[in-house]
Amino acid sequence: MHVMANLSFYALPIFIDPDSKFKIQEEVRDEQMHLLQPRLFSSTSFPRRNHLINIMQSPSTTTKQLKHIHALLFLKNPSPHLSLYLCNSILLAYANSLNPNDAFAFFATRMSHFTLNKFTFQFLLKACSKSKSLIYITQIHLMTLKLGFSSYTYLMNSLHHCYVLSDQLRDARNVFDEMPQRDIVSFNSMIHGYTKSGDMVSAIRVFEKVPNPNVITRTAMVVGFFRCGNVLAARRVFEEMPERDLVSWNAIILGYVQNRNPTEALQFFRRMQIESFKPNVITIVSVLSACASVGALDTGKWVHIFVNKNGFLLDPFLGSALIDMYSKCGAVELALEVFTCLKEKNTCTWNSLINGLAMNGHAEQALSLFNEMRIDKSVRPDEVTFVGVLLACSHGGFIEEGRKHFYCTVKEYGLNLVLEHYACMVDLLGRCGMLKEAEEIIRSMQISPDIVIWRALLGGCRIHKDVELAERVVLEMEACSSGDYVLLSNLYASVGRWGDVEKVRMIMKEKGIKKIPGSSSIEVNNTIHEFISGNKSHPRYAEISEKLDELGRKISGDGYLAETCVVLYDIEEEEKEQALGHHSEKLAIGFGLISTPPGSTIRIVKNLRVCADCHNMTKLISKICDREIVVRDRIRFHHFKDGKCSCKDYW
DNA sequence: ATAGGGTTAG
């Protein structure tokens, strides 16, 4: 169907984009022609048009070359106008280029005289889907309606997709509702739209109406369920899929990572390999993230080798993921190694390493890396960088340097102070006993402080036994999460105010606040073993318990005294633990000792912070057993060696 | 020619 274009329609100024640097070069200068020579003119004759079109459509063609070819076509054309076919080709080339807005400019200036066809619109919509400019989408939508193209399912699907991409769910729905015919693509696009906006109820309603759902339909549902946190439903859809492809596997792996179940994510990664699917970069990055959060160093190393073997491009993306994984597994040397090997680094790469060093207690190294970053002109520090910098200052106890960065350097780079910066600063000051200054900083904040910041102040109160301030802080926090009460009761216990300890426990009971159970995991032979505080269910529990008892006896002869004041922070819980066994990290360490070769490093990941008793005991174990023990707690790392810890007993 | 998957912080 061909409809004569309504010229006034195209003349709308909307298509002249003031930001576009687009200019058709009417004349191609000789030297520019010369630049094109080697590519275009293999023989002496003028290249055939199709050849030029092929070059234009090739993804390696730069915008500059594209414009030259474009000008060349006009220049060498005998008649004043090119054919519609040729113009559509140029349009598509611009739509696929790095500057899709050039397509609109070309359309507005060079195509107004044409009787347009469906390809013209298809390519314009292609440009829309890349530029996501709502103003163009609406305009093209109107044109398709006016020129009678709205019965083309392909076109309407593309239009629908554009609206979904730019979060215009209502418009997308209208397009969907008005379509005379719908195919599987229409349904999939609609489902995607609903899941993207979190409307799972509508997505399910559409899903149930799809005559023959395919891989894409089902994968979209998996993603949708994960997005709204319904892990079980996501899993069910996945398990019931008649066929799966790489994208489905990536969706389930990433879904579990994002729903904080990295162990399950790694299980699916393993299953995926059993079923002979070859991972791509997206899989790798998701799996690395899972390894990082669960501390699975062996799996992480395996992935790294896989990356090298299969010739994956080590770009800043993948590099940062590797650095983050190694840092969060406590293997700083390996993180450093990746960093030095990387040819290309972006801000995120630097951030990953700075944060990694800071987390692992290498405060000086983190700060000197930051200074290197400041010299490097190719990157610019951002807010995240300063989180790492301030974290390093706080873990190293560098008050002056911390103040300097907090008050000056952040502003030097034109950055705003965000919640995380305040949290680090309050932590730093609180830790060093400058509780008053810490509190003043909180009071002076432009944004309202969050729970992390109050908790940082509370941490300072605990170290310096400032009960009065702690009480005020807890009141101010309006008492919502259990950690704060535990800390307060902890503090009361440490100064012997048992009556108040009891009171806090009553409040917690009344409010239904439960202490989060401690959980520690350790990776042995590529399997993650998780231990919950006081839980005996591990198959080798008896051996672990025996080992811990044996160590306990050895240690008591070595001057170890249980830290009673901390043990008392939650008596109810503690009694249970004494009857049943030990804190989760002790179980994990015990298991590590009996299941790994002597002398090898034991790595533990813990969901809560290390208690003083475990900290003490771990130090001694590292000495007696001559083992390096690396414990990652909720906030940071502890590297135990020869009876000492990298945190220097501040945490 | 159109539909589903992508890192970094407390």
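This report walks through a predicted model of a protein with a DNA strand, taking one region at a time.

**Around the DNA**

A good place to begin is DNA strand B, which has 38 residues around it. The closest of them are His161, Asn188, His192, Asn250 and Lys328. Sorted by type, the residues of this surface comprise 17 nonpolar, 14 polar and 7 charged. On the DNA side, sugar or phosphate supplies 43% of the strand B atoms within 4 Å of the protein, and bases supply the rest.

Three side chains show how polar atoms of the protein meet those of the strand. The table gives the distance for each.

| Side chain | Atom of DNA strand B | Distance |
|---|---|---|
| Asn157 | base oxygen | 2.8 Å |
| Asp245 | base nitrogen | 2.8 Å |
| Lys328 | phosphate oxygen | 2.5 Å |

So that you can place them on the strand: Asn157 meets a base oxygen, Asp245 meets a base nitrogen, and Lys328 meets a phosphate oxygen. Lys328 also appears among the closest residues named above.

**Helix H8**

Next comes helix H8, which covers residues 134–146. From its first C-alpha to its last, this 13-residue helix reaches 18 Å, close to the 18 Å expected at 1.5 Å a residue. Which residues of H8 are buried? They are Tyr136, Ile137, Gln139, Ile140, His141, Met143 and Thr144. It helps to keep in mind that an α-helix has 3.6 residues a turn, so residues three or four places apart point the same way. Just after H8 you will find Gly148, whose phi is positive at about 75°.

**Val389 in helix H23**

Further along the chain, Val389 sits in helix H23, which spans residues 383–396. Is Val389 buried or exposed? Val389 counts as buried because its relative accessibility is 1%, and the cut-off for buried is under 20%. Beyond its neighbours within four places in sequence, Val389 is in contact with Ile354, Leu367, Phe370 and His405. Gly402 is 13 residues away from Val389 along the chain, and their C-alpha atoms are 8.0 Å apart.

**His538 in a loop**

His538 belongs to the loop that lies between strand S4 (527–532) and helix H31 (541–556). Its relative accessibility is 14%, so His538 counts as buried. The side chain of His538 makes a polar contact of 3.1 Å with the side chain of His529. Setting aside neighbours within four places in sequence, the residues in contact with His538 are His529, Phe531, Ile544 and Phe591.

**Strands S6, S7 and S8**

The last stop is a set of paired strands. Strand S7 covers residues 637–641 and is mostly covered, with 4 of its 5 residues buried. Strand S6 (residues 629–632) runs antiparallel to S7, and 4 bridges join them. Between S6 and S7 there is a hairpin of 4 residues. One bridge pairs Ile629 with Phe640 of S7.

S7 also pairs with strand S8 (residues 644–645), again in the antiparallel sense, over 2 bridges. Here Phe640 has Cys645 of S8 as its bridge partner. Phe640 therefore has a bridge partner in S6, Ile629, and another in S8, Cys645; as a general point, side chains in a regular strand alternate between the two faces of the sheet. The hairpin of S7 and S8 has 2 residues between the strands, and in that turn Asp642 has a positive phi of about 50°.

Definitions and conventions:
Residues are numbered from 1 along each chain as its sequence is written. Chains are lettered from A and ligands numbered from 1 in the order in which they are written. This is a predicted model: local features need pLDDT of at least 70, side-chain atom pairs count only at pLDDT 80 or more; totals for chains, interfaces and linings use all residues. Side-chain values use heavy atoms; hydrogens and water are left out. A residue is near a molecule or strand if one of its heavy atoms lies within 4 Å of it. A polar contact is a pair of N or O atoms within 3.5 Å; within protein, one must be able to donate a hydrogen and the other to accept it, and residues adjacent in sequence count only if both atoms are side-chain atoms. Ala, Val, Leu, Ile, Met, Phe, Trp, Tyr, Cys and Pro count as nonpolar, Asp, Glu, Lys and Arg as charged, and the others, Gly among them, as polar. Buried means under 20% relative accessible area, exposed over 50%, partly exposed in between (1.4 Å probe, protein chains only). Contact means heavy atoms within 4.5 Å. Two strands pair if DSSP finds at least two bridges between them. The expected span of a helix is 1.5 Å times one less than its number of residues.
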